[in-house]
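Let's take a walk through this protein together. Have the viewer open and follow along as we go from one part to the next.

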Amino acid sequence: MVTGFLFRRFVLSAAVLLTLILSAAATPLQLVTLQYPPYEYQDGDKVDGIVVRLLHHAFEKLGRDIEITVLPWKRAQLMAKKGQVDGIFTVYETPERLKYLDYSKKVLIPQTVSLWALRDTDVSYDGTMESLADVSIGLALGVSYGEKADRALKSGALKHLEYAPDSAQNIKKLLAGRTSVVIMNRYGALHHLMEAHMKRLAHITLIAMGLTFCATAVKAETVRLVTLEYPPYQYEAGSDADGIVVRILREAFAKMKADISIEVLPWKRSLKMVETGDADAIFTAYKTAERETFLDYSKTVLMPQVVSVWVNKDKSVAFDGSMDSLSDVSIGLVDGLSYGGTVDDAITSGALTSLDYAPESSNNIKKLMGGRIDAVIMNKYGAMHHLKNLGGLEKVVELEPELSSVPSYIAFSKANNLAGMRDELDTVLQGMIDSGEYQSIIDTYFAQ
């Protein structure tokens, strides 16, 4: 994609910095980097690593060949500054480098720094550096660990520091019990752990305490989420988005210290955007085999889509969970909508004999409250949404048992390589569910 008369820029699904020099399309792009396992490293005649593989995959999608050379970092930077190479990675953004480098908008790899300890540790870490004041900590000489940790180191708040010339030695000390914890780049720690245990991950005895206590990245990036208009779960509210799921996700990402934007769009457009990597994640999405080819689904269910029977509080309907018990009940349905296999089969077979169709759910709620039908079959929170708007939450009740519950998820674009973020969000969401915070957000929404 040409961005100037003499220059061309290649936009990646993962970020890379490109110095802008004119090059023939048939000539492989020359990229330089440093020895920095597991992100990028020289292994004999081969250059390999997490980021190397990401870039090969990205440039392959662009139809471009690349050659990657591992060099001393100062030499790599000088070559990029002089225009002797086409791109350099992985590099932090600084005012000085901005003078001669064009940074990509996408983050190539977040440099997440975590606290690591033996699985049976008695270290009590609450997210503050003060809680580590009397803990022996392994560090590498000359390495920055981010603003929070560096400030604690300079202030003397951390009293028992054990320095080593490289991170691998700190992992060995930790495994031998010579230090209580190490502060280390997440993937770097995993890399050394794999080596220490002969690449048998099942033998790893370390855990990351908490999620993250500090993180630096090439560039701060807002996570772009897309969804459909589906009240009360998610909907446009003026210039912003609101809804049960929107509030849950805002709280979850806030706990991860990640900025998000949420756009309410037509569903087909939203799906296309996550397929191509133009958006980072989509919700609330059902899981299908076809979608799994381009989406990394959360393991934690974001929102169960529960379908129930609703009746007026003073109306006696003998519902025992079977469709036969509703055979002579007048039921409001939305024309063209699926209610799940059990209900759909009963409709098709004629087991439900008194059906009253409407173009949308709110019409059925109005008919129910007006006594024109005996019951409605509806998505649980959808029914509560309409009842809230119509002042009927105290007049209409949900019958048990529920008819069906279909899980819906947040799913991340595989094109943007966000499985790590998906895993972190899973942990946060499950924590919110276990603590009751998840349900509290839903209850607060309907109480307003």
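A residue is called buried when its relative accessible area is under 20%, and exposed when that area is over 50%. Keep that cut-off in mind, and keep in mind too that this is a predicted model.

So start with Ser408, which sits in strand E23, residues 396–413. Is Ser408 buried or exposed? Its relative accessible area is 0%, so Ser408 is buried. What does the side chain of Ser408 find in there? One of its polar atoms lies 2.5 Å from the backbone oxygen of Met303. The side chain of Ser408 also makes a polar contact with the side chain of Gln305, at 3.2 Å. If you skip the neighbours within four places in sequence, the residues in contact with Ser408 are Thr284, Ala285, Tyr286, Val301, Leu302, Met303 and Gln305.

Now slide along to another serine in strand E23, Ser413. With a relative accessibility of 0%, Ser413 counts as buried. Its side chain has a polar atom 3.3 Å from the backbone nitrogen of Ala415. Again leaving out neighbours within four places in sequence, Ser413 is in contact with Val274, Gly277, Ala279, Asp280, Phe294, Leu295 and Leu418. Try picking out Asp296 as well: 117 residues separate Ser413 from Asp296 in sequence, yet their C-alpha atoms are 6.3 Å apart.

While you're on this strand, look at Pro401, which is also in E23. The peptide bond joining Glu400 and Pro401 is cis, with omega at about 5 degrees. A second one turns up elsewhere: the bond from Pro231 to Pro232 is cis, with omega near 10 degrees. Pro232 belongs to the loop between strand E13 (223–227) and strand E14 (235–237). These are worth a glance because most peptide bonds are trans.

Next stop, helix H11, residues 380–389. Seven of its 10 residues are buried, so H11 is largely enclosed by the rest of the structure. The buried ones are Tyr381, Gly382, Ala383, Met384, His385, His386 and Leu387. What do they pack against? Their partners are H7, strand E19 (303–312), helix H10 (361–369), strand E22 (375–379), E23 and helix H13 (437–447). At the start of H11, a side-chain oxygen of Asn379 comes within 3.2 Å of the backbone nitrogen of Tyr381. After H11 comes Gly391, with a positive phi near 70 degrees. Most residues other than glycine have a negative phi.

H7 was among the partners of H11, and it takes us to two helix pairs. Helix H7 (residues 244–255) packs with helix H12 (residues 419–435) at an angle of about 115 degrees, and their axes are 9 Å apart. H7 and H12 are therefore roughly perpendicular to each other, and H7 passes H12 in a right-handed crossing. On the H7 side you'll find Ile248, Leu249, Glu251, Ala252, Phe253 and Lys255, which meet Met421, Leu425, Val428, Leu429 and Met432 in H12.

The other pair is H7 and H13, whose axes come within 9 Å and cross at roughly 140 degrees. H7 and H13 are therefore oblique to each other, and this crossing is right-handed. Here Ile244, Arg247, Ile248, Glu251 and Lys255 of H7 make the contact with Glu437, Tyr438, Ile441, Ile442, Tyr445 and Phe446 of H13. Notice that Ile248, Glu251 and Lys255 appear in both sets of H7 residues.

Time to zoom out. The protein has 13 helices and 23 strands, and buried residues make up 46% of its 448 residues. Among the contacts with a separation of 6 or more, 71% are between residues 24 or more positions apart.

And how confident is the predictor in what you've been looking at? The mean pLDDT of the protein is 83, with 88% of the residues at 70 or more. By element, strand E18 (residues 295–297) has the highest mean pLDDT, 95, and strand E12 (residues 214–216) the lowest, 39. The pLDDT is below 50 over residues 1–24, a stretch with 70 contacts in the model beyond near neighbours in sequence. Residues 198–220 also have a pLDDT below 50, and that stretch has 74 such contacts.

Technical notes. Residues are numbered from 1 along each chain as its sequence is written. This is a predicted model: local features need pLDDT of at least 70, side-chain atom pairs count only at pLDDT 80 or more; totals for chains, interfaces and linings use all residues. Side-chain values use heavy atoms; hydrogens and water are left out. pLDDT is the predictor's confidence in each residue, from 0 to 100. Helices (H or I, at least four residues) and strands (E, at least two) are DSSP runs, numbered from the N terminus. Contact means heavy atoms within 4.5 Å. Buried means under 20% relative accessible area, exposed over 50%, partly exposed in between (1.4 Å probe, protein chains only). A polar contact is a pair of N or O atoms within 3.5 Å; within protein, one must be able to donate a hydrogen and the other to accept it, and residues adjacent in sequence count only if both atoms are side-chain atoms. Axes are lines fitted to C-alpha atoms, for helices over the stretch in contact, and angles run from 0 to 180 degrees between N-to-C directions. Angles under 35 degrees count as roughly parallel, over 145 as roughly antiparallel, 65 to 115 as roughly perpendicular and the rest as oblique. A crossing is left-handed if the near helix is turned anticlockwise from the far one by less than a right angle, and right-handed if clockwise.
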